[in-house]
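Reader: Could you take me through one part of this model up close? I'd like the pockets, plus whatever sits around them.

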Amino acid sequence: MTPDAHILKPGAVFAGDYRVVRPIAEGGMGAVYLVEQLSTGSQRALKVIRAELLKDAKMVERFQQEARLSARIQSDHVVQVLAAGVDRATSMPFMVMELLHGETLLTRVSTKGPLDRDEAAELFEQLCHALTAAHALGIVHRDLKPENVFLVKSRRARGGTTVKVLDFGVAKVLAEVRTTSTSAIGTPSWMAPEQTEL
C-alpha cells in the first residue's frame, strides 16, 4: 500500500535508512520531512512525491529530474542532494538533502523588512554563483523566487549568511528546448518575460 506523502508517521523507517521525525513543509508536488539517517545518526531532509501524483509519469519524471539536476550543480549555494531513489516498499520516489537551518528570503523580508545594501550585495553574489554554476551545465531554474532562496547561518569561521537555492523541480535543460516544445512554467509574478518564449 502506498502511503500519502502527508502522513508519513513519526518513527516510521523509510527506504531502510531514514527514521521520520516530523513534517517540515509541503507543496503541490510533495512533502519534506525531518528524518534521522540511521546509518550515520545525522539529521537530513527527506522529500517525497505526493501519493496522488505517482500515476502521473510526467510529474514523477520532474521529481526525479530535480534530484539529478541539483546533484550535478557545482556550487555551495545549491541545496545538496545526498541520495535519491525509489522506496521498494511503497514505490515512492524520494530524495535526501542536507538539512538547512534558517529561513527563506520571503520570510526574512516579511518579518524584518528590506535588506540593507551590504546584505543585498552578499546575497546576490552567492545567488549569482549558484545560477552561474547551473547555467554552465545548461540548466535554467525557471522558478526563482524569494520562497526558493534560503538563508542559512554560515558555519564558516567568520560567520555571515549562506544562500541556498531550492527546488529545481521545474528546471529546464537548455538542450531539450531546441528539440521539444514547452509551455511556460513557474510563478507568473517572478517569471522573466523571455520564459514565455521557451
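Author: Sure, and keep in mind that this is a predicted model. Let's start at Gly 27, which is partly exposed, because its relative accessible area is 31% and that class runs between 20% and 50%. Gly 27 sits in the loop between β2 (18-26) and β3 (30-37). Its C-alpha is 8.8 Å from that of Arg 50, though the two are 23 residues apart along the chain.

Those two strands, β2 and β3, also turn up in the lining of the largest pocket, where they each give two or more residues, as do β4 (43-49), α1 (57-72), β6 and β7 (102-104). This pocket has a volume of about 830 Å³. It has 31 lining residues, and Ala 25, Val 32, Lys 47, Leu 166 and Asp 167 are the closest to its centre. By class, the lining splits into 15 nonpolar, eight polar and eight charged residues.

Now for the second largest pocket, with about 580 Å³ of space. Here β4 and α1 each supply at least two lining residues, and so do β9 (149-153) and β10 (161-165). Of its 24 lining residues, Asp 76, Glu 98, Leu 100, Arg 155 and Lys 164 lie nearest the centre. The classes here are eight nonpolar, nine polar and seven charged.

Finally, back to β6 (residues 93-98), which holds Phe 94; its ring pairs with Phe 14 in β1 (residues 13-14), 80 residues away in the chain. The ring centres are 5.5 Å apart and the planes stand at 90 degrees, so the pair is edge-to-face. Both Phe 14 and Phe 94 are buried, and ring pairs join them with Tyr 18 in a cluster.

Notes:
Residues are numbered from 1 along each chain as its sequence is written. This is a predicted model: local features need pLDDT of at least 70, side-chain atom pairs count only at pLDDT 80 or more; totals for chains, interfaces and linings use all residues. Side-chain values use heavy atoms; hydrogens and water are left out. Rings of Phe, Tyr and Trp (its six-membered ring) pair if their centres lie within 6.5 Å; planes under 30 degrees apart count as stacked, over 60 as edge-to-face and the rest as tilted. Helices (H or I, at least four residues) and strands (E, at least two) are DSSP runs, numbered from the N terminus. Buried means under 20% relative accessible area, exposed over 50%, partly exposed in between (1.4 Å probe, protein chains only). On a 1 Å grid over the protein atoms alone, a cavity is a set of points where a 1.4 Å probe fits but cannot get out, and a pocket is an open set with protein on both sides within 12 Å along at least five of seven lines; lining residues have an atom within 4 Å of a point. Grid points are joined across faces, edges and corners, and a volume is the space filled by probe spheres set on the points. Ala, Val, Leu, Ile, Met, Phe, Trp, Tyr, Cys and Pro count as nonpolar, Asp, Glu, Lys and Arg as charged, and the others, Gly among them, as polar.
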